[in-house]
Amino acid sequence: MGRNLRKKLGELLVDAGIVSMEECAKALLEQGGSKKRLGELLVEKRICSELDIATALSNQLGFERVDLKVMPIEPAAVEIIPEKVARKHLIVPVSVDDKDLYVAMHDPYSYEALEDAQFASGYRIKPYICTKSDIVWAIKKHYNLKASLESVVEGMASHQKVEVVQEVQDDEMDIRDLKKQSSMAPIIRMVNMIISEAVEQRASDIHLDPTSKELTVRYRIDGFLRRTFTLPKWVQGAVISRMKIMARMDIAEKRLPQDGRITVAINKSMLDLRVSTLPTKSGEKVVIRVLDTKNRCVTLDQLGMEQEERKAFLSLVEKPQGIMLVTGPTGSGKTTTLYGALSRIQSEDKNIITVEDPIEYELEGIGQVSVNEKIGLTFAHTLRSILRQDPDVVMVGEMRDLETATIAMQAALTGHLVLSTLHTNSAVATITRLRNLGIPSYLIASTITGIIAQRLVRVICPTCKKEEKGSREDLEKLGLEDSFTKGLKVYRGVGCPSCGGIGYRGRTGIYEILLLTEKMKDLITNEAPETALRQTALSQGTRPLVRAGMDKVLQGVTSMEELLRVICTDQNFGTVLPGSAESDHPDRAELREVRSAV
C-alpha cells in the first residue's frame, strides 16, 4: 500500500474527529520504522478502536459495515474463496448473488486483496467493511465449520434417527459445493434434532426465525408457538441451506419465497414436511408444517363430541346425498373432522374421492387428489373431473369461490354426498357467507343438510390439574352472574414437567351442529336474515358453541380462560352489553341455554 493511501486514511480519521493531527503525525513517523499499518498502530496505542476505523471507512467509501458475528454467512460463498487466500488478505466471503461475491474485509484500500479474491473466485467482488478481529473470528469459525458446529450440537443431538426418504440429487441443481457444507455430520445432526424434537413434543409446525443476533427455533404446540431454543447467528446459513436442499428448493434463490416438501422417517413413522421460506431483513424465515400422513388421522371417537353431537354428526355423514359443511377459523380442526367422517363411512361398496390442498393424511381405499394451481389443476377443475369418476362421496378441501361451490351443489343435487369446509365464525353465518359468494338461497336450502361450526380448546393437563373459583370478570364475559353459578367448579393447570409448564396438554373440539330442518329451509329460501335463522336454530335445539364450551369447563376438560380465548374473542357469545337489559340482548336465548346447564 502506497504512502499516499496511508495519508488518506490518516486524513480520514482526522476529518472524522477520531484522532488529532498531532496523534496522526506521531503515528506516521513511528510507522516509518516498522512494517505495521497505520490503523494497527493507532489501535495498539489505544488512540482509536477497530470499530472507529471501520465506521470511518464505511462513511467515507460508501461500503456497508457489517458485524460477522450476527450476519449469516452462506456456506456456498465460503467454498468459493480458498482458506489460504482468506487468511493471507484477511477477507471473508459472505454471500453470492448471481455473478457478484460479497466479501468482508478490514482494508478496502488493498487492491491486491481485491484482485486475488476476484482471480480465485471468478466473481465480481463487492466489499463490505469489517473489523480485523471479526474477520479473524469468522475465518476460524467458517473455514473450520465442522469442528465449530460440533461444539454447538454437542449434547443436543436427538436419540431419534431421522432419515430423509427422498433427497435432491446433485445433477438437479448446481449446488455441489453448498451440499458439501450442508451435509456435514454436525449440520445433519442439528437439523435432525430440530425435526425429531418437534415430533416428540407433538408440534404441528416448526418456525426458524432469523433475528439480528441469532436464529430462533419455535414449535407450535396445541395451537401456541413456544420458543424452544436459539442457535448462533453464524450457523443460520448452513441450517437453512440444509433444509432447502432436503426440500428440493433452489439454493441460489434467496430473494423470493419458495415452497417444498420433505418425506422423512422417524422411528418407522413416515412424516410429510411442508417447507415454506420467506425472505426477511434478517435472512430467510422457514416454516415447516409437520404431517404424520399415516398415523395421525383421528377417528370419530377422538374428536371430542358429546353423545348427542355424535348422533347428529352421524345422521349427516350417513346420508346418501347432500352437503355437509364444517366451518371455523384457520387451525380449528375442520379437515381433521372431515377425515374422521371419511374414516367412519369408508367401505368397499363406496367410491370416495377427495380434492385437497394439500393432502394432509393418507387413507387407504380412498382416491385423494392434490390441487396444483400452477398447472391449472384447481378445486373447480378437479371437481368436474371427479364427478365423471362415478363417486358416491366427494370431499372438497375448501369452497373458495362461486365456481367450486356451484359445482359442489350440482353434485349434491345429482345424488352425491359432498363434504367440505368454509371459513365462518358460526354455523348460521355460513348461510350468509354462501349468499355473499353468489349462491341462490333456494339452492342453499335444497342442498345443505347440516353445518358444523367448531373450535379447538386446549385440554387441562391431568398431572397438574387444580380446582379454582371462576372469577366474576370471566363469568360476566360469558353472561353468567354469581347468582347463577353458586357451587360452580372450574379447573386450571398450574404447570408441570409433563406439560412443559404450560398447564395444558392436547386439544379437543367443541361443536355447534345445525341440522337444516324444513322450517330452517323455508326461512333460508325466503331470504330470512341471520338473526332470525339463529333464533330458530336455538329454539329447535341447536347447542351454541358457548354452551358446548361451558359443558367442557364444567366437566373439567378445559378452563374458563381457554374458553374465553377461543369463543368470546370471536363472537362475544353471551356478553351482556353495559347498560342494557338481558331481555334486550340479541343472544338472550343463548344465555338461558348456558345457564340451564349450570
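## A walk through the chain

The chain you see above has 24 helices and 19 strands. Keep in mind as you explore that this is a predicted model. Of the 598 residues in the chain, 51% are buried. The accessible surface comes to about 28200 Å², and carbon and sulfur atoms account for 48% of that surface. Among contacts with a separation of 6 or more, 66% are between residues 24 or more positions apart.

A good place to begin is an open sheet of seven strands, with mixed pairing and the order S13-S12-S14-S15-S11-S16-S19. Its edges are strand S13 (367-370) and strand S19 (504-515), each of which pairs on one side only. From one strand to the next, the twist averages 20 degrees. As background, strands of a sheet pair through backbone hydrogen bonds, and they can do so either parallel or antiparallel.

Both kinds of pairing can be found by following strand S16. Strand S11 (residues 322-327) runs parallel to strand S16 (residues 448-460), and five bridges join the two. Along this pairing, Ile-323 has Ile-448 as its bridge partner in S16, while Leu-325 is partnered by Ile-451. Turn to S19 and the direction changes: S16 and S19 run antiparallel, joined by 10 bridges. Here Leu-456 stands opposite Gly-509 in S19. S16 is also mostly covered, with 11 of its 13 residues buried.

Next, look for helix H14 (residues 334-345), which lies across S11, strand S12 (352-356), S13, strand S14 (393-396), strand S15 (417-422), S16 and S19. Relative to S15, helix H14 runs at about 165 degrees.

Some residues of these strands turn up again in the nonpolar interior. The largest nonpolar core has 53 residues, and those with the most contacts inside it are Ile-323, Met-409, Leu-434, Ile-444, Ile-448 and Leu-514. Helix H16 (residues 402-413) gives the most to this core, contributing six residues. To see how one member sits among its surroundings, pick out Leu-434: leaving aside residues up to four places away in sequence, Leu-434 touches Leu-325, Met-409, Leu-422, Ile-439, Ile-444 and Ile-448. There is also a second, separate core, made of 34 residues, which includes Val-191, Ala-198, Leu-208 and Leu-231.

Now for a few single residues, starting with His-207, which lies in strand S5 (residues 205-210). Its relative accessibility is 10%, so His-207 counts as buried, the cut-off being under 20%. The side chain of His-207 makes a polar contact of 3.4 Å with the side chain of Lys-285. Beyond its neighbours within four places in sequence, His-207 is in contact with Thr-216, Val-217, Arg-218, Arg-220, Leu-225, Lys-285, Val-286 and Val-287.

Ser-110 is found in a loop, the one between strand S2 (100-105) and helix H7 (111-121). With a relative accessible area of 13%, Ser-110 is buried as well. Ser-110 and His-89 are 21 residues apart in sequence, and their C-alpha atoms are 8.5 Å apart in space.

Another serine, Ser-441, belongs to helix H18 (residues 441-447). The relative accessible area of Ser-441 is 5%, which means that this residue is buried too. Not counting residues up to four places away in sequence, Ser-441 touches Arg-435, Ile-524, Thr-525 and Glu-527.

The last stop is helix H22 (residues 545-554). Why is this helix largely enclosed by the rest of the structure? Nine of the 10 residues of H22 are buried, so the helix has little of its length left uncovered by what surrounds it. Those buried residues are Leu-545, Val-546, Arg-547, Ala-548, Gly-549, Met-550, Asp-551, Lys-552 and Val-553, and the list includes Arg-547, Asp-551 and Lys-552 alongside Leu-545 and Val-546. After H22 comes Gly-556, whose phi is positive, near 80 degrees.

Note on methods. Residues are numbered from 1 along each chain as its sequence is written. This is a predicted model: local features need pLDDT of at least 70, side-chain atom pairs count only at pLDDT 80 or more; totals for chains, interfaces and linings use all residues. Side-chain values use heavy atoms; hydrogens and water are left out. Helices (H or I, at least four residues) and strands (E, at least two) are DSSP runs, numbered from the N terminus. Buried means under 20% relative accessible area, exposed over 50%, partly exposed in between (1.4 Å probe, protein chains only). A polar contact is a pair of N or O atoms within 3.5 Å; within protein, one must be able to donate a hydrogen and the other to accept it, and residues adjacent in sequence count only if both atoms are side-chain atoms. Contact means heavy atoms within 4.5 Å. Two strands pair if DSSP finds at least two bridges between them. Axes are lines fitted to C-alpha atoms, for helices over the stretch in contact, and angles run from 0 to 180 degrees between N-to-C directions. A nonpolar core is a set of buried Ala, Val, Leu, Ile, Met, Phe, Trp, Tyr and Cys residues joined through side-chain atoms within 4.5 Å. Accessible areas come from the Shrake-Rupley method with a 1.4 Å probe; for residues, only the protein chains shown count as cover.
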